[in-house]
Amino acid sequence: MRIATLDDDDAQTQAISRLLTDEGHVCWSFRAARPLISALRQETFDLLVLDWNLPDLTGVEVINWVRQNLEPPPPMLLLTARSAEEDVVAGLDAGADDYIVKPVQPAVLVARVNALLRRTYPAQGSGPIEQFADFSFNVPAKTVTINEEVVNLTAKEFTLALLLFRNTHRALSRSHILEAVWGRNPDLPTRTLDMHVSRVRTKLRLRPEHGFRLAPVYSYGYRLERLVDEAEEYAVS
């Protein structure tokens with residue numbers, strides 16, 4: 001998972017980043033709120049870990065911005081030294097999904113992060129077979145069927161398709177998709193992603209008459225949408 005951490009304490013930022021990286025996550029570290037907000041306009045993050053007291057904005061102000069500008073917003077965890085009851089209430093009321101008071105034991109932080117990710121993305125890693133409407137993904141075998149009809153996908157196409165279905169209705173940045181499918185810092189031609197998206201769209205028939213739309217998000221990436229009502233209209237007509 002991609003996690004952004006926001007803390008103006010360098011030692012704290014490095015410790016959190018190492019801890020979560022060791023758990024298999026990809027961490028982006030920020031020491032001020034405005035650079036994080038700029039990144040959120042271009043990048044996809046699965047979780048935000050936010051300090052409250054920052055040099056430019058507060059963690060609560062970041063939460064408010066995320067709630068107002070990102071749909072759906074990623075889960076957000078406030079990790080702060082502010083321990084007063086009114087601060088905990090204010091942070092949760094602002095929209096934080098969890099609140100942890102510093103200092104925190106590393107194992108506790110990892111457990112709370114993983115719990116948030118499980119609640120937000122329950123389909124991921126839920127079992128060998130993942131079902132999305134008529135689409136059945138056999139993860140170990142890397143095969144896809146539509147109404148029990150096998151669709152021939154390459155390994156990269158399978159990984160891309162599963163990523164999109166696991167994040168239905170969520171815009172994914174190009175760099176997020178490239179990282180998830182080809183690994184970090186892939187040296188690929190610019191059109192590689194677009195060609196794979198086009199092939200997945202064609203092979204899985206991701207068109208409105210079949211209940212899904214796989215569309216580009218301008219200057220950002222791609223989003224898979226489920227269009228139940230539109231599919232029913234096509235069926236009736």
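**Strand pairing, burial and overall dimensions of the predicted model**

Strands E10 and E12 (residues 221–226) run antiparallel and are joined by two bridges. Strands are DSSP runs of E with at least two residues, helices are runs of H or I with at least four, and both are numbered from the N terminus; two strands count as paired if DSSP finds at least two bridges between them. The structure is a predicted model, in which local features need pLDDT of at least 70 and side-chain atom pairs count only at pLDDT 80 or more, while totals for chains, interfaces and linings use all residues. Residues are numbered from 1 along each chain as its sequence is written, and side-chain values use heavy atoms, with hydrogens and water left out.

Within the E10–E12 pair, Leu 172 stands opposite Tyr 222 of E12. Both strands belong to an open, antiparallel sheet of three strands in the order E10-E12-E11. Its edges are E10 (172–173) and E11 (212–217), each of which pairs on one side only. Strands of a sheet pair through backbone hydrogen bonds, in either the parallel or the antiparallel sense.

A further antiparallel pair is formed by E6 (residues 129–132) and E7 (residues 135–138), over four bridges. Glu 130 has Phe 137 of E7 as its bridge partner. Two residues lie between the strands of this hairpin, where Ala 133 takes a positive phi near 55 degrees. E6 has a covered face made up of Glu 130 and Phe 132, whereas Ile 129 and Gln 131 form its uncovered face.

Parallel pairing is found between E3 (residues 47–50) and E4, which are joined by three bridges. Leu 50 is matched with Leu 78 of E4. Because five of the five residues of E4 (residues 76–80) are buried, this strand is largely enclosed by the rest of the structure. Buried means under 20% relative accessible area, exposed over 50%, and partly exposed in between (1.4 Å probe, protein chains only). Met 76, Leu 78 and Thr 80 cover one side of E4, with Leu 77 and Leu 79 on the other.

Burial also applies to two helix residues. Asp 87, in helix H4 (residues 85–94), counts as buried at 14% relative accessibility. Apart from residues up to four places away in sequence, Asp 87 touches Trp 52, Arg 82 and Tyr 99, where contact means heavy atoms within 4.5 Å. Val 200, in helix H8 (residues 192–203), is buried at 1% relative accessibility. With neighbours within four places set aside, the contacts of Val 200 are Glu 157, Leu 160, Ala 161, Arg 205 and Leu 206. Val 200 is separated from Leu 57 by 143 residues in sequence and by 41 Å in space, C-alpha to C-alpha.

The protein chain as a whole contains nine helices and twelve strands. Its C-alpha trace spans about 60 × 40 × 35 Å along the principal axes. The radius of gyration is 19 Å, which agrees with the value near 18 Å for a compact globule of 237 residues; the radius is taken over C-alpha atoms, and the globule rule is 2.2 Å times the number of residues to the power 0.38. Buried residues make up 46% of the 237. Of the contacts between residues at least 6 apart in sequence, 56% join residues at least 24 apart.
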